[in-house]
Amino acid sequence: MLLTVDHVTRYTYDAPVRGVVQSHRLTPSQFDGQTVLDWQVSVTDGQPGGRFRDGAGDWVQGYSVSGPVSEIVVTVSGRVETRDLAGVLRGHKESIPPEVYLRDTAPTAPDVSLRELATRGAGQGDALATAHALSAAVADAIAYRPGVTHAHTTAAEALALGEGVCQDHAHAMISVARLNGLPARYVSGYLFAAADGTPHEAAHAWTEVFVAGLGWIGFDPANRCCPDERYIRLGSGHDARDAAPIRGIARGPGAEALDVAVAVLAADQ
Amino acid sequence: MTTYFNEMFENGAVRAPYRRLEDWTRAMPAELRQMKQAEAEALFRRIGITFAVYGEGGDPDRLIPFDMFPRVFSNAEWTRLERGIKQRARALNAFLADVYGRGEIVRAGRIPSRLVYQNEAYEKAVTGFLPPKGVYSHIVGIDLVRTGPDEFFVLEDNCRTPSGVSYMLENREIMMRMFPDLFRENRILPVDGYSGRLRHTLASVAPAKCDHDPTVVILTPGHFNSAYYEHSFLADLMGVELVEGQDLFVEGEFVFMRTTEGPKRVDVIYRRIDDAFIDPLCFRPDSMLGVPGLMDVYRSGGVSICSAPGAGVADDKAVYTYVPEMVRFYLGEEPILQNVPTWQCGKSDDLKYVLDHLAELVVKEVHGSGGYGMLVGPKSTAEQVEAFRARIVADPGNYIAQPTLALSTTPTFVNEGIAPRHVDLRPYCLVGETIELVPGGLTRVALTEGSLVVNSSQGGGVKDTWVLAE
């Protein structure tokens, strides 16, 4: 599938700031499931910093903007040819040992309810079946509902609410997979929202679970599926913050307002 | 009754390295000694060298007690120690390059992968990135204890930012000022080359993109940090800027320092800030101490950070057990310095042994430091031992145990005159283009009679440490 992405993030400051520094994970890396045809990232008045591919195989690019500045626009556009690999991250170059992803972080730390939910992975026979069972369990336990959780909601809190968005599903999935001894990580990316009435977010997040013999496999509890040709993968991390496509800090007292617009379209329809 | 090796007296005779000190002490009446002690204290106060104690309250600017009786090593003793320390520093750096690279030692089954990859100090942000010259730990502080004429044990390794070297330098300075005759009568190897060698070491690991004489800075968390004095002291000695996070900023591919003449590019940062705080865009987002974007510049070769982020995975107390194995694995040599036998409470057999022998052992937290959160079995009451037992049982993986070592003593000035007190030693090994060790280190002394805990936070003092020229 040929997907085109237009992703605009606008930061406005109520008072001019002295400067902004950002770290981007906004460029899809190459693997058997996705081929980047063209891709541009621009930052208004931004000076590109170091660019490198990190140990997780993600492209990282620094940017700095010298102030005073009241608005910064990060524009991403490009085309990616995708293939359905049933979630398997095949042909992805990375060097971090999967075991590193057994460590918990604050948003994924288990509580009693997550431990209880994690038992739904027991008795499945193999790791792949366990992961599928856990993904279904997370989807059952946390209904999709925007607006009830926020950026800092933990997996435990979302589970207690029984509602949340893809970030909450992903955090919960990471937590229960790790409880079953499976390395798991947060993946951020884009999702082509087909007109089939399913609730999606075009800027999306899901989970990858490491299954010995197969490698990393994507699970998207929010949509009760494994990532297929509708998904573009940007980067991964221990949790949402660690995998964020944009991490940035402004120097100065100005309060920040954020506006994001993402459009993912199928070019060949 | 345990007998302790006395470094000055053996079988009633004075050991060779201390021979001249015997005359010195004989010729010093009590009044003179008290006068000199007061003079030393006044000097330390004037310099402003103080040590703040974490979590104990009281006066944070309390002076660390200085004992005027030097600790002495013969040249032969030091030569062996030096070889052992350098060997260990090489192995620790090889281990770091390996675990952030191909992980051969883990693949070979020589260390459990869990201890490395699930370690809190393992930073996946630097996996696959090789720092300049392949060096991760540029200043390796190795804590040693002695139990006999030729028996030295490594108590722990400090690969991140070991502190205390300012005491090594100041103790010498003050001793030379107060007792110039001693330094004429004894041929003592100098330690004052340390700052020059440190600067050379730091400059030697300038990043690939640096095409000029490297600019080195020391990054401090600020004046409220207990080691702030040391940060400013070393910056002065090296002739480099002492900066805080807010003095640095990232622009494009580089890090700059604000100066009165405008921004100046920085090539090497000797940071005295923990990994978690150095860059809010990569690690803790709430850190105000670091430099936003620093890690992106670092990982793309625009700046060097010393010690390298992630170096801490080599010095945790559970990984420590495997350092002799690292020496064999990477260097193909037998370790010159021995480890203290260590039980890991995370292993069930070890845990059983530890719980059965708690009153004889020293138990420490895996990530603890400064002598906090530890149990010295033989020096504790039954209640203290039982209370600690509960803590171990609740979280066994967090504890290691070691036999209570018969730490050597050296003569120390006390109220009643001169008495043996237990000591340890922290030398500072510099690793860059070359590997160097200044002949000396920081000797810490447990001033309380019978105490084996030398940490300054627990009432320990310091001594000048001599290495004789022959």
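How many bridges join β8(B) to strand β9 of chain B? We'll get to that in the first close-up; keep in mind that this is a predicted model.

**View 1. Strands β8 and β9 of chain B pair up side by side.** The count is 4 bridges, and the two strands run antiparallel. Strand β9 covers residues 254–257. For one pair to look for, start at Leu248(B): its bridge partner in β9(B) is Met257(B).

**View 2. Zoom out a little and you'll find an open sheet of 3 strands in chain B.** Read across it and the order is β8-β9-β10, with antiparallel pairing. β8 and β10 (264–266) of chain B sit at the edges with a single partner strand each, so one side of each has no neighbour in the sheet. From one strand to the next, the twist averages 45°.

**View 3. Here is the second largest pocket, with about 430 Å³ of space in it.** Its lining is made of 22 residues, and those nearest the centre are Gly245(B), Gln246(B), Met288(B), Gly290(B) and Pro292(B). Both chains chip in: β1 (2–27) and β11 (246–251) of chain A, along with β8 (248–251) of chain B, each give at least two residues to the lining. Sort the lining residues by type and you get 13 nonpolar, 5 polar and 4 charged.

**View 4. Chain B splits into three parts: domain 1, domain 2 and domain 3.** Domain 1 is pieced together from 9–207, 303–336 and 405–467, while domain 2 takes 208–302 and domain 3 takes 341–403. Between the C-alpha centres of domain 1 and domain 3 of chain B there are 25 Å.

Note on methods: Residues numbered from 1 in each chain as written. Chains lettered and ligands numbered in written order. Predicted model: local features only at pLDDT ≥ 70, side-chain atom pairs only at ≥ 80, totals over all residues. Heavy atoms only, no water. Domains from an automatic or database assignment. 1 Å grid on protein atoms, 1.4 Å probe; cavity = no way out; pocket = protein on both sides within 12 Å on 5 of 7 lines; lining within 4 Å. Points joined across faces, edges and corners; volume = space filled by probe spheres on them. Nonpolar A, V, L, I, M, F, W, Y, C, P; charged D, E, K, R; others polar. Pairing = 2+ DSSP bridges. Axes fitted to C-alpha atoms, helices over the stretch in contact; angles between N-to-C directions.
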